[in-house]
Amino acid sequence: MTEEPGDPIPHWPGQLVSLGDYQVFVRSVPDGDPGELAPVEPAPVEPAPVEPALCVHGLEGSSRNWTDLMDLLRPALSCQALDLPGFGDSPPRPDGRYSIAALAQTVIALIEKQKRGPVHLIGNSLGGAVCVKVAATRPGLIRTLTLISPALPDARPRMDLLRFPVISLPGVGTWLFSKLRLIPPERRVADVIATCFSDPTLFASARFAVEVAELTRRDSLDYAGAALAGSAKALTTEVLRAGGRPAWRDAARITAPSLVIYGSHDRVVDPRNAGRAAHAFSNARIVVLPRTGHVAQMERPGLVAAEIGIMLAAVRQDATAARAREFPLASAG
């Protein structure tokens with residue numbers, strides 16, 4: 001991708017997908033769009049089949065958080081990104097649940113509905129916690145797992161995260177949301193970017209305008225406050241539940257090849273969690289990206305794509321070696 005921060009590619013189109021009694025909005029990369037056609041060259045070997053990938057955003061995020069990474073992962077991966085219930089263009093679940101388990105059920109239902117599994121599952125922040133639950137409970141649906149600043153429980157106090165338990169108190173979240181709407185959306189968007197990016201200047205001005213318009217739209221939705229409060233409560237619950245150990249035990253159960261990425265300048269998820277992740281995940285590569293904040297897929301999409309490429313190459317090499325051991329070549333003669 002050659003676009004500079006001031007000239008981003010458009011966000012990918014999407015549509016609502018029915019999951020029974022509710023729907024989720026899913027963005028997909030159309031074949032051959034955008035970009036120039038590659039020159040036609042003779043292919044000496046049959047190209048590897050394109051494999052499906054599904055991206056899951058974090059708290060206050062949406063499927064738009066994955067636009068650049070989805071582009072960079074082509075043609076190896078056919079990427080989709082969903083809006084979790086209550087976020088982006090997805091309406092809330094009819095039961096109003098925002099727990100990690102409920103959101104994981106949504107991701108599982110989508111994979112099964114579309115019959116694209118097993119998929120390469122990619123999650124950021126809250127979405128990372130959701131993806132851990134999916135990979136631990138339904139391993140047959142997962143090819144590989146990539147986590148970007150996953151919001152797994154951390155016992156270390158973070159003053160900037162005290163808002164999560166406050167927001168999750170009954171009635172407080174919706175009340176606080178009504179107060180936040182009094183702050184101009186431009187300022188709120190700028191505050192989120194300053195929190196999530198190590199270098200806020202990397203956020204394209206054209207996309208800033210899109211996010212301001214989207215936040216203005218969400219201010220008019222009667223469920224937006226409940227979605228924010230419910231998701232914050234879900235993260236708080238995971239920390240308080242047996243000291244956060246169940247979530248990390250889920251991580252230890254994951255058998256799929258995994259990549260866990262942290263940002264060295266993440267203000268939301270402490271990059272020191274990389275050490276705990278290295279001990280918890282049994283089959284994972286752990287990476288701390290320099291000069292990177294909480295949303296590496298947005299701030300450093302090229303670096304994230306490169307790391308995913310390394311993982312995919314290793315997985316394919318291991319698969320080739322396994323096939324060679326299973327079907328060794330017989331000597332001629």
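This passage describes the sheet of a predicted model, a helix that packs on this sheet, and the surroundings of one tryptophan.

The predicted model contains an open sheet of eight strands, arranged in the order S1-S2-S4-S3-S5-S6-S7-S8 and with mixed pairing. The edges of this sheet are formed by strand S1 (14-18) and strand S8 (284-289), each of which has a single partner strand, so that one side of each is left without a neighbour in the sheet. On average, and with direction ignored, neighbouring strands of the sheet are turned by 25 degrees against each other. Within this arrangement, strand S6 (residues 142-148) and strand S7 (residues 258-263) run parallel and are joined by four bridges, and leucine 147 stands opposite valine 260 in S7. Helix H3 (residues 126-137) packs on the sheet, where it touches strand S3 (51-56), strand S5 (119-124) and S6; the direction of helix H3 makes about 145 degrees with that of S5.

Tryptophan 248 is located in helix H9 (residues 245-253). With a relative accessible area of 5%, tryptophan 248 falls under the 20% limit and is therefore classed as buried. When residues up to four places away in sequence are not counted, tryptophan 248 touches Leu152, Pro153, Tyr262, Asn273, Arg276, Ala277, Ala280 and Phe281; of these contacts, Tyr262 belongs to strand S7 (residues 258-263). The C-alpha atoms of tryptophan 248 and histidine 279 are separated by 10.0 Å, the two residues being 31 residues apart along the chain.

How values were computed. Residues numbered from 1 in each chain as written. Predicted model: local features only at pLDDT ≥ 70, side-chain atom pairs only at ≥ 80, totals over all residues. Heavy atoms only, no water. Pairing = 2+ DSSP bridges. Helix = DSSP H or I, 4+ residues; strand = E, 2+ residues; numbered from the N terminus. Axes fitted to C-alpha atoms, helices over the stretch in contact; angles between N-to-C directions. Contact = heavy atoms within 4.5 Å. Buried < 20%, exposed > 50% of the residue type's maximum accessible area, 1.4 Å probe, protein only.
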